[in-house]
2 protein chains.
Amino acid sequence: MDPKNAADPAPSRQGRPRGSYAKSATTKAAILDAALAVFAEGGYRAGSLREVAARVGISETGLLHHFKSKSRLLELVLERRDELAAQFVPRPEPDGVQTMHGLIALAEFNASEPGSVELYCTLSAEATSPGHPAHLYFKRRYEGTRSALEYAFSNLLDRGLLAEGVTPDAAARATIALMDGLQVQWLFDRSALDMAAELRLHLMRITTLEL
Amino acid sequence: MDPKNAADPAPSRQGRPRGSYAKSATTKAAILDAALAVFAEGGYRAGSLREVAARVGISETGLLHHFKSKSRLLELVLERRDELAAQFVPRPEPDGVQTMHGLIALAEFNASEPGSVELYCTLSAEATSPGHPAHLYFKRRYEGTRSALEYAFSNLLDRGLLAEGVTPDAAARATIALMDGLQVQWLFDRSALDMAAELRLHLMRITTLEL
DNA sequence: GTCTATATGGCGATAGAC
DNA sequence: GTCTATCGCCATATAGAC
């Protein structure tokens with residue numbers, strides 16, 4: 001199949017580089033899928049390009065033709081996963097109550113996607129080490145999530161919907177911590193824990209909402 | 001220094017193997033210290049025996065003379081760290097209020113021992129993978145901690161000291177999750193978070209205690 | 001775009017001298 | 001108890017043919 005004659009998903013324009021044709025795009029997508037699974041199972045350091053290539057059914061060099069390095073591949077895997085999760089807690093969301101519902105929906109979604117949970121759990125812990133290729137990514141991500149949640153809880157505070165003595169900052173940190181910690185326990189025993197239910201109980205303790 | 005003439009920490013008895021003399025014991029302790037630091041920094045898989053040996057100042061074979069394999073070394077590191085932390089939440093503790101104070105003391109202790117926190121955070125996430133050498137250790141440990149805390153919260157429930165609608169089981173899981181999750185955030189930015197203070201706020205929300 | 005072949009290096013573990 | 005030397009394996013990444 002000659003790419004010049006293949007159906008082109010993005011209609012050709014003058015000056016557009018010739019690299020991005022259908023075959024390449026589907027191969028890249030397959031690589032990202034496999035890489036997410038491999039990094040999820042054992043983290044970044046334990047996951048190998050060899051394993052990713054084997055799952056896709058290409059050679060290591062074939063893989064490296066699309067992604068120049070292992071760390072670059074990781075970056076794109078994280079970016080891609082973010083796009084999936086973004087629909088659950090769209091930022092900015094002015095209504096704090098909506099954010100609370102979004103969090104619970106996210107927890108439910110996570111329970112149906114063990115791969116994503118594994119990826120984030122394993123990588124976030126691994127990336128606490130300053131030299132890790134995803135260190136900055138997670139640092140920024142935590143700060144972004146924290147400030148988004150603080151904003152949501154501030155909205156609830158303004159409307160008198162926060163429990164007594166709860167501050168938006170502490171509520172944001174505690175909620176993130178709870179979600180992260182529940183995921184670890186869930187990965188060790190997925191039948192023993194309902195992440196969304198536990199999160200709901202927590203949110204009902206720190207707010208006056210019925211969720 | 002001839003070991004036969006050295007002060008023997010465990011007085012010699014007939015039939016006792018000759019291996020365990022003072023020199024060996026101090027070397028082993030030094031190895032465990034170094035191994036804890038190395039495993040804490042990058043996890044088990046990324047940490048190397050080479051690095052441990054270099055920090056102790058011996059060769060890899062010298063190291064492997066004391067610990068037959070890398071995974072065996074990890075087991076002993078975990079055992080040793082457990083002995084240190086055991087004094088903070090001695091089990092069984094019949095008084096639930098005492099357990100709450102013990103948890104806060106543990107969080108304070110942890111903040112003074114970044115190495116221990118790194119070790120547990122990184123390893124517990126890495127060990128969610130079933131083939132990991134510490135998988136069973138963490139699975140048992142989570143169950144043990146959960147049941148110990150459930151017992152403590154049950155005691156509080158019996159004495160009418162639990163907040164409305166809080167069950168001992170959910171309280172135990174949520175408390176563990178919160179502590180774990182706070183540690184991750186703390187490792188990314190140690191100045192932004194007071195783990196003990198956040199834990200205290202959480203415990204005061206789910207109980208009627210003044211902590 | 002994908003391949004074979006290879007460079008380069010770190011890893012855990014063993015053999016055997018001292 | 002500690003060492004040097006080495007084995008065998010796996011890793012990332014590059015060079016160059018097709």
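**Exercise 1.** How do the residues of the lining of the largest cavity divide into nonpolar, polar and charged?

*Solution.* The structure is a predicted model.

Step 1: list the lining. In chain A, the residues around the largest cavity are Ala107(A), Asn110(A), Met179(A), Leu182(A), Gln183(A), Met195(A) and Leu199(A).

Step 2: assign classes. Ala, Leu and Met count as nonpolar, while Asn and Gln fall among the polar residues.

Step 3: read off the division. The lining has five nonpolar residues, two polar and no charged.

**Exercise 2.** Find which helices supply the lining of the largest cavity, and how much space lies inside.

*Solution.* Step 1: at least two lining residues come from each of α5 (96-111), α8 (168-188) and α9 (195-206) of chain A.

Step 2: with three residues, α8(A) gives the most.

Step 3: the space in this cavity is about 50 Å³.

**Exercise 3.** State how many cavities of 30 Å³ or more there are, and describe the second largest.

*Solution.* Step 1: the count is two cavities of 30 Å³ or more.

Step 2: the second largest cavity holds about 50 Å³ of space.

Step 3: its lining is made up of Ala107(B), Asn110(B), Met179(B), Leu182(B), Gln183(B), Met195(B) and Leu199(B).

Step 4: in chain B, α5 (96-111), α8 (168-188) and α9 each supply at least two of these residues, and α8(B) has the largest share, three residues.

Step 5: sorted by class, the lining of the second largest cavity contains five nonpolar, two polar and no charged residues.

**Exercise 4.** Decide how α4(A) and α6(A) are oriented where they pack.

*Solution.* Step 1: helix α4 (residues 70-85) of chain A packs with helix α6 (residues 114-126) of chain A at an angle of about 125°, and their axes are 12 Å apart.

Step 2: the angle therefore makes α4(A) oblique to α6(A). The relevant limits are 65 to 115 degrees for roughly perpendicular and over 145 for roughly antiparallel.

Step 3: the crossing in which α4(A) passes α6(A) is left-handed.

**Exercise 5.** Is Glu210(B) buried or exposed, and where does it lie in chain B?

*Solution.* Step 1: Glu210(B) belongs to the segment after α9 (195-206) of chain B.

Step 2: the cut-off for exposed is over 50% relative accessible area. Glu210(B) counts as exposed because its relative accessibility is 72%.

Step 3: for a distance within the chain, take Val77(B), 133 residues from Glu210(B) along the chain; the C-alpha atoms of the two residues are separated by 36 Å.

How values were computed. Residues are numbered from 1 along each chain as its sequence is written. Chains are lettered from A and ligands numbered from 1 in the order in which they are written. This is a predicted model: local features need pLDDT of at least 70, side-chain atom pairs count only at pLDDT 80 or more; totals for chains, interfaces and linings use all residues. Side-chain values use heavy atoms; hydrogens and water are left out. Helices (H or I, at least four residues) and strands (E, at least two) are DSSP runs, numbered from the N terminus. Buried means under 20% relative accessible area, exposed over 50%, partly exposed in between (1.4 Å probe, protein chains only). On a 1 Å grid over the protein atoms alone, a cavity is a set of points where a 1.4 Å probe fits but cannot get out, and a pocket is an open set with protein on both sides within 12 Å along at least five of seven lines; lining residues have an atom within 4 Å of a point. Grid points are joined across faces, edges and corners, and a volume is the space filled by probe spheres set on the points. Axes are lines fitted to C-alpha atoms, for helices over the stretch in contact, and angles run from 0 to 180 degrees between N-to-C directions. Angles under 35 degrees count as roughly parallel, over 145 as roughly antiparallel, 65 to 115 as roughly perpendicular and the rest as oblique. A crossing is left-handed if the near helix is turned anticlockwise from the far one by less than a right angle, and right-handed if clockwise.
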